[in-house]
Amino acid sequence: MFVTASHPSHRDPLRVAIVGTGAIARVSHLPALTALAAGRPLEMVAAVDVDADSVEAFCAEGGIAHPYTDLDRMLAEQRPGLVTLATPPRFHRDQTVAALRAGAWVWCEKPPCPSLADFDAIEAAEGPEGEGPFAAIVFQQRFGSGPQHVRDLLARQALGRPLVAHCQTTWYRDEAYYSAPWRGRWSSEGGGPAMGHGIHQMDLLLDLLGPWSEIRAMAGRLVHEVETEDVSTALVRFESGAMATVVNSVLSPDEVSRIRIDCERATVELTHLYGHRNADWRITPAPGVPSDQAEAWQDFGTDVPSSHQAQLTGLLEDMRAGRRPRSSGADGRKSLELVTALYKAAFTGATVRAGDIGPGDPYYRALHGGATGWAPQPLEHGAEVTA
């Protein structure tokens with residue numbers, strides 16, 4: 001049973017709760033909410049974490065009145081209108097469904113959840129269209145003035161047809177990073193660099209180029225002793241006919257995040273690391289493009305960096321209007337579907353087409369698909385399980 005979702009008026013404060021009080025909550029969620037609360041009727045009423053000391057310190061630092069160690073109790077007592085999730089992926093499905101059923105909208109940190117099956121269960125728990133509540137994924141790279149400008153240029157075909165694209169997330173993670181016992185494991189980190197790192201750039205690529213049609217891929221475990229991959233490469237064809245290469249790595253000392261799209265009349269390139277501004281985008285016109293057109297393409301408008309705050313601003317507007325926000329439902333699922341298809345293509349050697357992976361497919365319920373050499377190994381008889 002759903003609790004009826006509330007749509008706060010412009011006078012009533014929106015009650016917000018943060019679940020998970022680790023680094024991403026402290027560095028990204030709390031600052032974004034604090035900044036927006038300065039100009040909007042928004043009140044942070046509670047935070048939740050299984051670590052009592054952590055949540056109490058978080059609330060003290062953030063001026064939040066109610067620390068909790070139990071999500072269900074918080075939802076029942078505080079009845080927030082918005083819940084932001086900054087917890088590990090393995091908890092996202094159950095926590096999101098609990099919040100939705102309590103009438104709260106949800107803003108969930110990436111990776112969304114460990115499988116398409118989990119995502120579909122979340123979508124099934126949402127409220128009706130035109131009302132909500134809905135659950136959106138934190139895909140902040142597609143928000144801000146840069147993506148908005150380029151998306152508009154591509155949508156009206158000012159640059160001509162997109163033809164060739166490159167999507168690169170080449171980062172570096174050393175042995176110390178993987179010393180944490182939950183990292184590099186399917187059940188806790190949700191996947192390797194394709195899922196946990198590269199999904200941001202792949203989401204932005206999809207947001208700019210539209211639906212994909214097929215993918216071929218390879219994955220490797222070249223350095224780190226982990227369950228997941230530490231590098232992957234893929235070839236993606238889009239419904240438009242455009243073709244892209246995708247590289248996701250945690251083996252690259254010269255770290256960079258990059259998207260390049262070669263169109264008929266110009267090349268668009270974004271180069272950054274963890275976030276971008278207008279200055280990180282470059283548009284190079286093809287020979288023969290009139291100079292006045294090329295100059296107009298360079299006008300990105302007021303600089304709005306990609307950020308949690310940029311995405312959250314739009315989400316709050318959608319809440320008050322009672323409309324589905326971006327990166328929720330099918331718009332949020334598409335990136336997880338592409339990542340899932342990448343793993344299936346890499347582990348099976350087959351070409352995977354959009355829409356192929358559904359109930360009954362082993363990759364629908366686990367990104368490793370039970371593949372030999374990639375699926376977690378069963379514990380030996382008598383082995384102990386530790387938390």
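Reader: Which exposed residues does the face of α3 turned away from its buried side carry?
Author: This is a predicted model. In helix α3, residues 71-78, the buried residues are Leu71, Met74, Leu75 and Gln78. Seen down the axis of α3, they fall within an arc of 100 degrees, so they line one face of the helix. The face turned away from them carries the exposed residues Asp72, Arg73 and Ala76.

Reader: What do the buried residues of α3 pack against?
Author: Start with who they are: Leu71, Met74, Leu75 and Gln78 are buried in α3. Their packing partners are four strands and a helix, α4 (92-101). Named in full, the partners are β1, β2, β3, β4 and α4.

Reader: Which residue caps the N-terminal end of α3?
Author: Look for a side-chain oxygen and the backbone nitrogen of aspartate 72. The two atoms lie 3.2 Å apart. The oxygen belongs to the capping residue, aspartate 70.

Reader: Which residue follows α3, and what is its phi?
Author: α3 covers residues 71-78. Arginine 79 follows the helix. Its phi is positive, near 45 degrees.

Reader: Which strands stand at the edges of the six-stranded sheet?
Author: This open sheet has the order β3-β2-β1-β4-β5-β6, with parallel pairing. An edge strand has a single partner, so one side of it is left without a neighbour in the sheet. The twist averages 20 degrees from one strand to the next. The edge strands are β3 (66-68) and β6 (135-137).

Reader: Which residue in β6 stands opposite valine 106?
Author: Strand β5 spans residues 105-108. β5 and β6 pair in the parallel sense over three bridges. Opposite valine 106 in β6 stands alanine 135.

Reader: At about what angle does helix α1 run to β2?
Author: α1 takes in residues 23-37. The helix lies across β1 (14-19), β2 (42-48), β4 (82-85) and β5. To β2, its angle is about 155 degrees.

Reader: Which strands stand at the edges of the eight-stranded sheet?
Author: This sheet is also open, but its pairing is mixed. Its order is β13-β12-β11-β7-β10-β9-β8-β14. Each edge strand has a single partner, so one side lacks a neighbour in the sheet. Those strands are β13 (281-285) and β14 (352-353).

Reader: About how many degrees does the direction of helix α6 make with that of β13?
Author: α6, residues 145-155, packs on the eight-stranded sheet. The helix touches β7, β11 (251-263), β12 (266-272) and β13. With the direction of β13, α6 makes about 30 degrees.

Reader: Which residue in β10 stands opposite valine 164?
Author: Strand β7 (162-172) and strand β10 (243-249) pair in the parallel sense. They do so over seven bridges. Opposite valine 164 stands methionine 243.

Reader: Is leucine 208 buried or exposed?
Author: Leucine 208 lies in helix α9, residues 199-209. Beyond its neighbours within four places in sequence, leucine 208 is in contact with Pro147, Val150, Arg151, Leu154, Ile261 and Trp281. Its relative accessible area is 8%, and the cut-off is under 20%, so leucine 208 is buried.

Reader: Where does pLDDT stay under 50?
Author: The chain has a mean pLDDT of 94, and 95% of its residues reach 70 or more. Where pLDDT is low, the predicted coordinates should not be read in detail. One such stretch has 17 contacts beyond four places in sequence, and another has one. The stretches are residues 1-6 and residues 379-387.

Note on methods: Residues are numbered from 1 along each chain as its sequence is written. This is a predicted model: local features need pLDDT of at least 70, side-chain atom pairs count only at pLDDT 80 or more; totals for chains, interfaces and linings use all residues. Side-chain values use heavy atoms; hydrogens and water are left out. pLDDT is the predictor's confidence in each residue, from 0 to 100. Contact means heavy atoms within 4.5 Å. Two strands pair if DSSP finds at least two bridges between them. Axes are lines fitted to C-alpha atoms, for helices over the stretch in contact, and angles run from 0 to 180 degrees between N-to-C directions. Buried means under 20% relative accessible area, exposed over 50%, partly exposed in between (1.4 Å probe, protein chains only). The arc is that of the directions from the helix axis to the C-beta atoms. A polar contact is a pair of N or O atoms within 3.5 Å; within protein, one must be able to donate a hydrogen and the other to accept it, and residues adjacent in sequence count only if both atoms are side-chain atoms.
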